[in-house]
Amino acid sequence: MPTHLVLAADIAATVHPDAWPQGSWPLPPDPALEARVKALLAKMSVEDKVGQMIQADIKSVTPDDVRKYRLGSILAGGNSKPNGQQTATTKQWQQLSDAFYRASMDTSGGRLAIPVLFGIDAVHGHNNLVGSTLFPQNSALGNARDPELIHEIGAATARELRASGINWTFAPTLTVPQDGRWGRAYEGYSENPALVAQYAAAVVEGLEGKLGTPQFLDADHVIATAKHFVGDGGTHDGKDQGDAQVSEAVLRDVHAAGYPPAIKAGVQVVMVSFSSWNGVKMAGNKALITDVLKGRMDFGGIVLGDWNAHGQVPGCTNEDCPVAYNAGLDMLEAPDSWKGLYNNTLAEVKSGVIPMSRVDDAVTRILRVKLRLGMFEAGLPSANPLVLASAQVIGSPAHRALARRAVRESLVLLKNDGVLPIDPRKHVLVTGDGADNISKQNGGWTLTWQGTGLTNADFPGATSIFAGIQAQVKAAGGRAELSIDGSYKSKPDVAIVVFGEDPYAEFQGDLPNLAYRPGNDHDLDLLRRLRGQGVPVVAVFLTGRPLWMNREINASDAFVVAWLPGSEGAGIADVLLRTRDGRIAHDFHGKLAYSWPRTAVQIPLAGGKDNYHPQFPYGFGLTYADHGDTGRLPEEAGIELSSARAGVYFTHGKPAQGFALRLTGANGAAANVTATPAATADGSLRIASLDYKAQEDARRLSWSGNGAAHAALVAPAPLDVERETNGDVLLVTTLRVDAVSPQGTAIGVGCGVGCKAQVPIGRQLDDLPRGQWLRVGISLKCFRDAGADMSKLDQPFEWIGSPGESIAITDVSLGTVADKTLVCPVARKD
């Protein structure tokens with residue numbers, strides 16, 4: 001018998017449903033609704049039913065496909081927008097939604113009209129819509145300890161979704177992250193299951209409306225999705241889509257804590273996790289899906305799979321997975337694999353591999369949700385009154401005021417040596433790469449999946465942190481100066497340094513430890529430089545999770561954790577600044593929802609663990625009334641801050657720790673550079689020091705002679721970046737182009753004897769502005785496609801230039817953010 005047919009039975013013996021919380025589906029029986037479902041089901045063909053059980057992504061499905069295959073739902077993934085664009089407007093979303101709805105309701109040829117659901121990841125506001133209100137990410141909101149705030153955010157998000165024609169959100173995320181290395185940790189409200197459980201009901205009621213009232217699932221509300229069932233926040237080593245190696249009791253009491261209150265509040269959908277529990281993929285775990293979630297907890301809504309997650313179940317592929325349906329999933333998310341899945345599922349239903357009773361149960365659940373939402377009577381999505389008033393709903397002053405309040409409540413003060421609150425009548429320097437960067441203050445799942453490739457112009461109506469500070473300082477008669485690199489002409493009275501993590505989403509955000517940018521000390525150097533100049537320093541840290549920051553905290557007079565605050569950066573100024581007449585308008589409110597690490601390897605660190613000795617415990621957070629001097633914190637990370645492991649190869653104009661810079665002349669002779677200036681033996685490549693942000697923190701490379709010469713970074717040991725390559729990580733170089741050779745340029749990597757790949761970039765390099773510093777990225781996949789073995793790079797960066805070329809470089813590292821991302825041209829193999 002095939003493995004996938006026995007898997008569910010094997011699992012059942014390891015789960016004890018009677019030990020899980022006993023639930024009761026809170027919606028009372030509705031005979032009229034049940035009669036409508038029964039009548040629809042009787043009219044549906046097998047093809048109709050299978051179509052309802054499959055969800056396709058708008059990148060890979062058209063309205064004509066929905067018309068033909070009678071698909072029950074569509075989704076827009078993180079990088080999926082109308083017309084294949086990077087971002088989309090309200091009108092474009094509305095038009096797309098109407099087109100799919102019309103297709104689903106087409107009755108020509110005897111088709112049965114069943115309206116299509118449209119789902120999207122609205123995880124911190126309607127974060128796929130240009131001009132929307134973007135709330136702080138969940139790891140920020142946990143610090144607010146304010147369920148009513150969470151309820152209001154849910155309601156505002158629902159209104160903005162409905163105004164754009166969308167009726168379903170894949171939120172809330174009820175994960176309980178136990179390991180900050182996980183790249184999705186910021187999607188969780190807290191490490192504390194009790195807080196997550198408290199928030200679960202509040203956000204569901206905000207999104208769907210309160211059960212038992214006329215507002216429940218009315219035209220102002222949307223379907224909510226509790227995710228990801230179950231254990232996604234407990235995977236070993238914080239690996240995305242990994243394995244939660246925990247007991248059943250921990251799985252139940254910690255990781256499932258949010259589901260009973262969400263079900264009690266009437267959540268209509270539960271999404272099953274990519275991850276595994278003790279080696280068994282959740283998408284195939286019948287004991288947990290059918291026996292626990294549907295049986296013991298009495299969940300009566302739709303159980304949905306994650307993005308092609310069924311394809312990871314043993315014996316399955318993205319296009320074929322009967323075990324997932326038989327385990328209890330009612331709808332599979334098959335974004336780009338939907339057509340193959342439809343054909344295979346249809347054959348398996350007809351052959352009995354998937355019993356008709358299982359199909360009817362799944363379709364019944366789907367139809368019930370659609371009827372509860374009133375979809376059969378509502379008409380076109382654009383007929384919703386909120387769509388007609390969308391200009392007054394999306395990004396409305398009331399919603400932005402709510403988001404600004406959420407920012408204020410979420411801020412956590414870890415240190416204050418008396419510099420805060422700031423007198424706005426003074427000269428305030430605002431610096432750091434997060435000061436005027438709305439994309440960075442939002443993080444991942446913002447207009448794009450990873451939240452990258454965006455500028456402030458993509459956020460109409462939003463306010464950067466600097467803009468918020470500037471407005472209040474100017475109104476008080478003071479002077480606010482923006483200087484990203486911290487330079488100034490006249491000494492400021494105080495400096496606010498805004499820095500932190502670049503945007504990321506799942507996988508790309510996974511970390512090997514909790515060190516903040518090991519091997520890249522730009523932010524630390526900036527803090528130390530300003531303080532060394534006698535300027536009081538306030539650090540504002542943008543992050544999705546607690547990281548080891550003792551050095552940065554020591555280098556600051558005040559340290560504020562702003563998390564990922566969203567579109568309303570002015571909320572930070574509300575708390576940091578006094579009023580013009582010297583009052584404190586808003587004190588610090590936030591209390592840590594996650595424990596703060598003492599070292600970079602204090603993992604996991606959730607409260608209640610043995611030997612719980614964090615730097616700052618769960619619940620810590622100063623106010624202006626507190627004595628805020630932390631004293632000097634220990635600066636031992638507990639691990640060698642490996643540049644190689646952190647993906648940092650060249651920093652401040654020098655090879656990172658353990659790396660060597662090797663120059664190879666046009667004549668083939670190679671030598672490592674130990675000091676600058678230097679040159680190859682034949683003089684074809686010269687290297688000199690250059691000042692960028694500090695003295696000699698960059699290197700100028702100049703080519704002359706008669707042939708190509710190489711500058712390469714040699715790793716201390718072969719690097720395995722295969723996982724990063726699969727995750728669309730970039731090789732990012734901070735450089736300045738002064739001259740480009742007409743003979744061409746390439747970037748390459750080396751992977752041992754006879755293993756090398758070079759990617760020509762000359763034409764794209766020629767398009768870059770001269771004399772301007774830029775972060776230029778190229779996907780690691782370009783090198784893999786050019787023939788490199790990405791699991792054993794001994795030269796993770798090589799620049800091949802020709803006579804007449806001149807560039808300057810200060811940093812080379814792996815990353816997800818670049819000012820300019822090069823496309824992969826036709827590559828050549830060496």
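Three disulfides are present in the structure, which is a predicted model. With bonded cysteines counted along the chain, their pattern is 1-2, 3-4, 5-6.

The disulfide of C316 and C321 has an S to S distance of 2.2 Å. Its torsion about the S-S bond is 65 degrees, and the link is right-handed. C316 and C321 are both buried.

C751 and C755 form another disulfide, with 1.8 Å from S to S. Here the torsion about the S-S bond is about -85 degrees, so the link is left-handed. Both cysteines, C751 and C755, are buried.

The disulfide of C782 and C824 places the sulfur atoms 1.7 Å apart. The torsion about this S-S bond is about -75 degrees, and the disulfide is therefore left-handed. Distant parts of the chain are linked by this pair, as C782 and C824 are 42 residues apart. C782 belongs to helix α26 (residues 780-785). C824 sits in the loop between β32 (820-822) and β33 (828-829). The two ends of this link also fall into separate classes of burial. C782 has a relative accessible area of 3% and is buried, because the limit for a buried residue is under 20%. C824, at 43% relative accessibility, counts as partly exposed, because that class lies between 20% and 50%.

The wider fold was examined next. The protein chain contains 26 helices and 33 strands. For 830 residues, a compact globule would have a radius of gyration near 28 Å. The protein chain has 28 Å, so the value agrees with that of a compact globule. Along the principal axes, the C-alpha atoms fill a box of roughly 85 × 70 × 55 Å.

Burial and contacts were computed for the chain as well. Of its 830 residues, 62% count as buried. Contacts between residues at least 6 apart in sequence were sorted by separation, and 79% of them join residues at least 24 apart. The accessible surface of the protein chain is about 28600 Å². Carbon and sulfur atoms account for 50% of that surface. The chain carries 77 positive and 88 negative charges. The mean positions of these two sets are 3 Å apart.

Backbone geometry gave several further features. Most residues other than glycine have a negative phi, and most peptide bonds are trans. Two cis peptide bonds are described here, each leading into a proline. The bond from L420 to P421 is cis, with omega near -5 degrees. P421 is located in the loop between β12 (412-416) and β13 (427-431). The bond from T676 to P677 is likewise cis, with omega near 5 degrees. P677 is found in the loop between β21 (670-673) and β22 (678-679).

Positive phi values occur at R70 and at N308. R70 is not a glycine, yet its phi is about 55 degrees. This residue, R70, lies between α4 (63-69) and β2 (73-76), in the connecting loop. R70 has a relative accessibility of 8% and counts as buried, because this class covers values under 20%. N308 is also a residue other than glycine, with phi near 55 degrees. The loop that holds N308 runs between β10 (302-304) and α12 (322-327). At 9% relative accessibility, N308 counts as buried.

A462 was considered separately. This residue, A462, is placed in the loop between α19 (438-442) and α20 (465-476). Its neighbours within four places in sequence were left aside in the listing of contacts. The remaining contacts of A462 are R400, I438, S567 and E568. One of these partners, I438, falls at the start of α19 (438-442). A462 and P760 are separated by 298 residues in sequence. In space, their C-alpha atoms are 39 Å apart.

Notes:
Residues are numbered from 1 along each chain as its sequence is written. This is a predicted model: local features need pLDDT of at least 70, side-chain atom pairs count only at pLDDT 80 or more; totals for chains, interfaces and linings use all residues. Side-chain values use heavy atoms; hydrogens and water are left out. Helices (H or I, at least four residues) and strands (E, at least two) are DSSP runs, numbered from the N terminus. The radius of gyration is taken over C-alpha atoms; the globule rule is 2.2 Å times the number of residues to the power 0.38. Buried means under 20% relative accessible area, exposed over 50%, partly exposed in between (1.4 Å probe, protein chains only). Contact means heavy atoms within 4.5 Å. Accessible areas come from the Shrake-Rupley method with a 1.4 Å probe; for residues, only the protein chains shown count as cover. Lys and Arg count as positive and Asp and Glu as negative; His and the chain ends are not counted. The place of a charge is taken as NZ of Lys, CZ of Arg, CG of Asp or CD of Glu. A disulfide is a pair of cysteine sulfur atoms within 2.5 Å.
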